[in-house]
Amino acid sequence: MKHLKRIMTIIVALTIVALMIPISAMAATDTVDFEDGNYDAFFLRMDSDSDNSILSVVELNGSKALKVDVQDANKTPKIQIQVSDLVNSKKLDQIETIELDLVIENPENSPVGENYGGIGNFGEGHYPNWSQGEDWSIIDSEKSISSVTKLSRTFSKASEKFRNNVKSSYVLMKWMGNTNDMYIDNVRFLDKDGNPIELKVAEAEAMANTADDSIDNANDNTADDSTDNANDNTAEELPETGNNILIIIFIAVAAVIILFCVIIFMKKSRLNKSNS
Ligand SMILES: [Ca+2]
């Protein structure tokens, strides 16, 4: 009976720890990982040549990402990332680099082929004025969904840098030529030393409130298709965010401890029986 109580205490303690792991991981505040389904700071920039893409958060191999469903091969999808909605307005002048994961998918299941684009930055009142970074390219003549490409663009000249308290944005574009879709994940803003800048915590809390709606929409429309495609093609290559590894380690350790306790308990019982 004493042992049974001990085992129960250990199980309860481990359960409490398990419940705490996801909460602490959700508190990471330097990466937009879309795990809460919110993408309020990401929207279409509509110029005369812009594609009227459809944005949603979908599951891509165990991690949620922002999907840009491109509609017209003769238009340019332009995703405006409102940095001033994500980073404290007093820290905007520290940002020099934007970093993000990009995946390209051919919705017709043919190879993604050649895809090119760019990242630019600008602020209200032309502080900074439009400044475009080096172009990016993702080329794959075999797979219908590309591997993850980490894009990183630095804008470090004084004329290119954001100013504090000024509405500021990055714009990610894919040049026209195909209707390949884009998946964006793990967006970070780095300072001149390459350190990630904290996102507004209050913003993260607001995100949680609207998460349910976005996830529902995403699941209804495109989650199943995307997940299927992702699993078929690049299951092992796409990064997983969250704490799957931590949870697996935890479950393994818990199982070993419980097994150990059960063995001791059984041995003791047998000993007691043979003594009596
Ligand atoms: Ca993610």
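**Entry 1: a pairing to start with**

In which sense do β6 and strand β8 pair, and over how many bridges? I looked this up before anything else, and found that β6 and β8 (residues 136–140) pair in the antiparallel sense over 5 bridges. For a concrete register, I noted that G117 stands opposite W136 in β8. A reminder to myself before going on: this is a predicted model.

**Entry 2: the whole chain**

I counted elements next, and the protein chain has 4 helices and 11 strands. Of its 276 residues, buried ones make up 30%. I also checked how far along the sequence the contacts reach: taking those between residues at least 6 apart, 80% join residues at least 24 apart.

Confidence came next in my notes. The mean pLDDT of the protein chain is 81, and 70% of its residues reach 70 or more. Two stretches went on my caution list. Residues 22–26 stay under 50 in pLDDT, and the model has 3 contacts beyond four places in sequence for them. Residues 212–244 also have pLDDT under 50 throughout, with 61 such contacts in the model. Where pLDDT is low, the predicted coordinates should not be read in detail. I am therefore leaving those contacts as counts and not reading them in detail.

**Entry 3: back to β6**

I went back to β6, which covers residues 113–123, to look up its other partners. Strand β10 (residues 168–174) is joined to β6 by 7 bridges, and the two run antiparallel. Here F122 stands opposite S169. β6 also has 2 bridges to β7, again antiparallel, and in that pairing G120 stands opposite Q132. Strands of a sheet pair through backbone hydrogen bonds, either parallel or antiparallel.

Then I stopped at G113, which is found in β6. Is G113 buried, exposed or partly exposed? It counts as partly exposed, because 17 other C-beta atoms lie within 10 Å, and the cut-off for buried is 20 or more. Leaving out residues up to four places away in sequence, G113 touches S141 and N178. I took one C-alpha distance as well: G113 and N180 are 67 residues apart along the chain, yet their C-alpha atoms are separated by 9.4 Å.

**Entry 4: the open sheet**

What is the strand order in the open sheet of 5 strands? I read it as β2-β3-β11-β5-β9, with antiparallel pairing. β2 (54–60) and β9 (149–154) are at the edges; each has a single partner strand, so one side of each has no neighbour in the sheet. From one strand to the next, the twist averages 35°.

I followed the β2 edge inwards. 7 bridges join β2 to β3 (residues 63–69), running antiparallel, and I54 stands opposite D69 in β3.

**Entry 5: backbone oddities**

Between β2 and β3 there is a loop that holds N61. I checked its backbone: phi of N61 is near 50°, a positive value in a residue other than glycine. N61 counts as buried, because it has 22 C-beta neighbours inside 10 Å.

N186 also has phi near 50°, again positive in a residue that is not glycine. N186 lies in a strand, β11 (residues 181–190). How many C-beta neighbours does N186 have inside 10 Å? I found 18, so N186 counts as partly exposed. For its long-range surroundings I took a C-alpha distance to L102: the two residues are 84 apart along the chain, and their C-alpha atoms are separated by 9.0 Å.

Where does the chain have a cis peptide bond at a proline? My note says Y127 to P128, with omega near 0°. P128 is found in the loop between β6 and β7 (131–132), and those two strands are the ones joined by 2 antiparallel bridges.

Key: Residues are numbered from 1 along each chain as its sequence is written. This is a predicted model: local features need pLDDT of at least 70, side-chain atom pairs count only at pLDDT 80 or more; totals for chains, interfaces and linings use all residues. Two strands pair if DSSP finds at least two bridges between them. Axes are lines fitted to C-alpha atoms, for helices over the stretch in contact, and angles run from 0 to 180 degrees between N-to-C directions. A residue is buried if 20 or more other C-beta atoms lie within 10 Å of its own, exposed if 12 or fewer, and partly exposed in between; C-beta atoms are placed from the backbone. Two residues are in contact if their C-beta atoms, placed from the backbone, lie within 7 Å. pLDDT is the predictor's confidence in each residue, from 0 to 100.
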